[in-house]
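Subject: Structure handover

Hello,

Here is the structure for you to look through. Please open it beside this email and follow along.

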Amino acid sequence: MKVISSIHELRDQMRGQNRTAFVPTMGNLHDGHLSLMRLARQHGDPVVASIFVNRLQFGPNEDFEKYPRTLEADIDKLQKENVYVLFAPTEKELYPQPQEYRVHPPHDLGDILEGEFRPGFFQGVCTVVMKLMSCVQPRVAVFGKKDYQQLMIVRQMCDQFALPTEVIAAETVRDADGLALSSRNRFLSPDERAEAPALAAALNRVRDAVLAGNRDFASVEKDAMDSLAVRGWKPDYIAVRKRSNLLPPGAADADAPLVVLAAAKLGATRLIDNLEI
């Protein structure tokens, strides 16, 4: 595996490759990330991964400086997955001057749910993904369903800008107790880690209620949030939405495919998760 930090060197290395499969990450790789590499290999060749902790998507009170950076361990894991190139640019390489041009997702998708609680987050995500796509120029790119809203926004961005990249969705990888794998799980104390599967359990109860015919979504959502709050969580949202646009389902949406999404803080760690219904 070649580890490349220069955009110029990356383009030289990738010249003539027209079936590249790309997996962008912020590093601190776990089994969920590695499953993305394996799925990428099913849809293209060679596989290119990137590691870049993107300052633009962190708010002023978020954990940019604390975000775990484990490049040497990540390189070892990617080599074992036979990744062809790891693109690991420095901040100065990717943003040699202030990134004044930004990609703004539409308000009705980018400013709800995660966008409401993390203003500017999806603008930062879209801007860095657009820039990485320009550098790698992949035929396909793989994103995980755990970041459901991000997946939808990136897919629509690629469609609207006519990028020659197909976005592939990868299923969420979970520990045996149901907790969705995340780099932020490492911040949980042992007691918090034992409690963390309660988030997935709450989502399962919402899904079961909806599948049983309960269409009082507001009540179901409130019950789920209350069930976490009494356990010491601080939930931001638990929301049943249409998969097509993440808007709340109405009376005319009886047959619309749904998803329930959640974000909640456990101690100092904010976790997100979702389940399709």
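Just after helix 7, Q137 takes a positive phi of about 55°. Helices here are DSSP runs of H or I with at least four residues, strands are runs of E with at least two, and both are numbered from the N terminus. The model is a predicted one, in which local features need pLDDT of at least 70, side-chain atom pairs count only at pLDDT 80 or more, and totals for chains, interfaces and linings use all residues. Residues are numbered from 1 along each chain as its sequence is written, and side-chain values use heavy atoms, with hydrogens and water left out.

**Helix 7 and the core**

Stay with helix 7 for a moment. Its 16 residues should span 22 Å at 1.5 Å a residue, and its end C-alpha atoms are 22 Å apart, which agrees. The expected span is 1.5 Å times one less than the number of residues. Helix 7 is mostly covered, with 13 of its 16 residues buried. Buried means under 20% relative accessible area, exposed means over 50%, and partly exposed is in between (1.4 Å probe, protein chains only).

Next, the largest nonpolar core. A nonpolar core is a set of buried Ala, Val, Leu, Ile, Met, Phe, Trp, Tyr and Cys residues joined through side-chain atoms within 4.5 Å. This one has 43 residues, and L10, V129, F143 and L246 touch the most other members. The elements that give it two or more residues include helix 1 (7–14), helix 7 (121–136), strand 5 (140–144) and helix 8 (148–160). Which helix gives the largest share? Helix 7 does, with eleven residues. Domain 1 (2–170) and domain 2 (185–276) both give residues to this core, so it lies between them. Those domain bounds come from an automatic or database domain assignment. A second, separate core has 24 residues, among them A198, I238, A262 and L275.

**L246**

L246 sits in the loop between strand 7 and strand 8. Is L246 buried or exposed? At 0% relative accessibility, L246 counts as buried. Its phi is near 60°, a positive value in a residue other than glycine. Leaving aside neighbours within four places in sequence, the contacts of L246 include L109, I112, Y148, M152 and V259. Contact means heavy atoms within 4.5 Å.

**The six-stranded sheet**

Now the open sheet. Its six strands have the order 1-4-3-2-5-6, with parallel pairing. Two strands pair if DSSP finds at least two bridges between them. Strand 1 (2–4) and strand 6 (166–170) are the edges, and each pairs on one side only. Neighbouring strands are turned by 25° against each other on average, direction ignored. Strand 5 and strand 6 run parallel and are joined by five bridges. One residue pair to find is G144 with its bridge partner A170 in strand 6.

Two helices lie across these strands. Helix 8 crosses strand 5 and strand 6, running at about 165° to strand 6. Helix 3 (residues 71–80) lies across strand 1, strand 3 (47–51) and strand 4, at about 170° to strand 3. Axes are lines fitted to C-alpha atoms, for helices over the stretch in contact, and angles run from 0 to 180 degrees between N-to-C directions.

**Strands 7, 8 and 9**

Strand 8 joins strand 7 through eight antiparallel bridges. Eight bridges also join strand 8 to strand 9 (residues 269–276), again antiparallel. Look at A262: it is the bridge partner of I238, and it stands opposite D273 in strand 9. Eight of the nine residues of strand 8 are buried, so strand 8 is largely enclosed by the rest of the structure. In the hairpin of strand 8 and strand 9, two residues lie between the strands, and G267 takes a positive phi near 65°.

**Three loop residues**

N54 lies in the loop between strand 3 and helix 3. At 1% relative accessibility, N54 counts as buried. Its C-alpha atom is 9.6 Å from that of L94, 40 residues apart along the chain.

N82 lies in the loop between helix 3 and strand 4. N82 is exposed, with a relative accessible area of 59%. Its phi is positive, about 60°, although N82 is not a glycine.

Finally, P46 lies in the loop between helix 2 and strand 3. The peptide bond from D45 to P46 is cis, with omega near 5°.

Best wishes
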